[in-house]
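Hi,

Here is the structure I promised to pass on. Have a look at it first, and then read my notes underneath.

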Amino acid sequence: MPGKTQVAAQPGWYTLDPEPALLGSRCGRCGTVAFPKEQAFCRNPACDGTDFAEVELSRRGRIWSYTDARYQPPTPYVAADPYVPFALAAVELAAEKMVVMGQVASGIDAGDIHIGDEVELVLEPLYEDEEHVYLIWKWRPLVAGILKDVSEQLVRAVD
Amino acid sequence: MHPWGKWGRNFVEYGVAAAQAALADAGVEWADIQFVSGADTIRNGYPGFVAGATFAQALGWTGARVASSYAACASGATAVAAARAQILAGLCDVALVVGADTTPKGFFAPVGGERRDDPDWLRFHLLGATNPTYFALYARRRMELFGATEDDFAAVKVKNARHGVHNPNARYRAEVTAEEVLASPMVADPLRLLEICATSDGGAALVLSSMDFARRHGQADPVRVAAVSTVTPRFPQAVIEMPNFATDSAASVTGGPAPTFRQSIATAAYEEAGIGPEDVDVAEVYDLSSALELDWYEDIGLCKEGEAEKLLRDGDTAIGGRIPVNPSGGLSCFGEAIPAQAIAQVCELTWQLRGQAGERQVEGARVGVSANQGLFGHGSSVVVTR
């Protein structure tokens, strides 16, 4: 990975800041937020707004539901070889009153998380090629994430 | 119908076989059909996108008028709606509705190419979110909200497998035990392989006509299509739906929660038919997963929210119970042949209302309802009565 440039796997959908955020749109007329960004027409049927501001969505939310992918998804998913299963979460953002999908941070299994757990947005590699590492947003559970960090430190301390 | 399976032949064959069976059943000649309504498939090249004309050509051009509909899993109901509207408008007397599919093995994948403006392509590329992962989100949610258990999900599969044994058009015709279901591999926690519908080949067809035409052709008491609901969701759609990355935001909307999309699908059908769920004798619902069947019990009004598990555990939804669901065996026994599936639901309800369902007959069935939902927001529900 050293020497490779880190880029977004889907440019314009999220910032690449140390504290990353998903980028949504806010309708200039009715205030409706959308992710991914609305470009042309407001999806609120009571609004005919056509001007949208880019807004950063809440970086934290709570798990609405979750699952995992035990079998390798078909292309265009770019899977590691050998395939590493991952968890997926649908996360409720309180301020936006919306639910946003994302993979769960690597190393955290479906068995480690619960509906209602608080999560935070992080960036992780999705796949890479010769020149680039393609970053994707993931949801990192605060409690399960800390427990994972501690256990890894303990393993290193024992080693 | 043409039996469901993994036959590996051209989808047109299944559609033509199903059409011929429907015409024979109705006692109508192909040359008499005035309108052909095809349900499209997107995985079989150009002929699949223009299925109405494809089937018409295969049966032999007659100059009949034609339409082709794509609405994902709801394609069949959309094709029924198109044909029914022609008849109700007086533009034709008799129509043929056909859907058929040939499917690849394994997970459904998006159509090829790199399409960064297509959420269906992007959800696979960016999230690796297959269809079963979305089904699993709903299943986990049921467990959390209503106390559904893995045993409940397995019991749905056991029930449907028992029904499907008696269906010659079903692909899987063997009983399974709850132990076998719970021992099958986990695909998307908490859903296991035997609880997720397969992808199948198959075809289904219907002949629809005006009441006058039916009577003139010796059908004194035909099954009637009392309603076809092809509703879209209402804003803000608060449940995450395949293939989306997010729900609508409800932040700028005042007032209480609106009915969910799945709730609104059958509600519209009941209103159009002038009946309520209490009038229903038999239902065919889209059990993409065993857990999703439980959601449908509530969404089509068979019980209140949170009571689906009780309905199942009491045996109410098995043949012989109070309100049998999926007497055909459902997707559980068929696997999904997308454009044929909503038509197949109506075929089953028709046989049930005629008393022709053999060992899977729901005694005295006079009112049936189907329900399903197409990707991106296509509702599908048909009420039939006799």
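Below is what I found, going from the contact between the chains to one residue and then to the domains of one chain. Keep in mind that this is a predicted model.

**Where the chains meet**

On the chain B side, 39 residues are in contact with 45 residues of chain A. Together the two chains bury about 3600 Å², and 64% of that area is on carbon and sulfur atoms. If you like counting charges, there is one salt bridge between chain B and chain A. It pairs the side chains of D248(B) and R43(A), at 3.0 Å from N to O. Polar contacts across this interface come to 17 residue pairs, with both residues at pLDDT 80 or more.

As for which parts of chain B do the touching, α5 (119-127), α6 (131-146) and β5 (186-188) each supply at least two residues of the side that touches chain A. The largest share comes from α6(B), with eight residues. Sorted by class, that side of chain B has 25 nonpolar, eight polar and six charged residues.

**A glutamine to click on**

Try Q373(B), which sits in strand β10 (residues 367-374) of chain B. Is Q373(B) buried or exposed? Its relative accessibility is 14%, so Q373(B) counts as buried, the cut-off being under 20%. Its side chain has polar partners there: one polar contact, of 2.8 Å, joins it to the side chain of E241(B), and another, of 3.1 Å, goes to the side chain of R262(B). Leaving aside residues up to four places away in sequence, Q373(B) touches C73(B), E241(B), F261(B), R262(B), I265(B), W296(B) and H378(B).

**The domains of chain A**

Chain A is split into domain 1 (9-57) and domain 2 (60-159). Taken over C-alpha atoms, their centres are 23 Å apart. In this pairing, 14 residues of domain 1 are in contact with 13 residues of domain 2. The two domains of chain A bury about 1000 Å² between them, 83% of it on carbon and sulfur atoms. Within domain 1, the residues that lose the most area to domain 2 are A9(A), P20(A) and L22(A), which together make up 46% of what that side buries.

There are zero salt bridges across this domain interface, and two residue pairs are in polar contact, both residues at pLDDT 80 or more. The side of domain 1 that touches domain 2 has 11 nonpolar, one polar and two charged residues.

Cheers

Technical notes
Residues are numbered from 1 along each chain as its sequence is written. Chains are lettered from A and ligands numbered from 1 in the order in which they are written. This is a predicted model: local features need pLDDT of at least 70, side-chain atom pairs count only at pLDDT 80 or more; totals for chains, interfaces and linings use all residues. Side-chain values use heavy atoms; hydrogens and water are left out. Contact means heavy atoms within 4.5 Å. Buried area is the accessible area (1.4 Å probe) that two parts lose on being put together, summed over both. A salt bridge is a side-chain nitrogen of Lys or Arg within 4 Å of a carboxyl oxygen of Asp or Glu. A polar contact is a pair of N or O atoms within 3.5 Å; within protein, one must be able to donate a hydrogen and the other to accept it, and residues adjacent in sequence count only if both atoms are side-chain atoms. Helices (H or I, at least four residues) and strands (E, at least two) are DSSP runs, numbered from the N terminus. Ala, Val, Leu, Ile, Met, Phe, Trp, Tyr, Cys and Pro count as nonpolar, Asp, Glu, Lys and Arg as charged, and the others, Gly among them, as polar. Buried means under 20% relative accessible area, exposed over 50%, partly exposed in between (1.4 Å probe, protein chains only). Domain bounds come from an automatic or database domain assignment.
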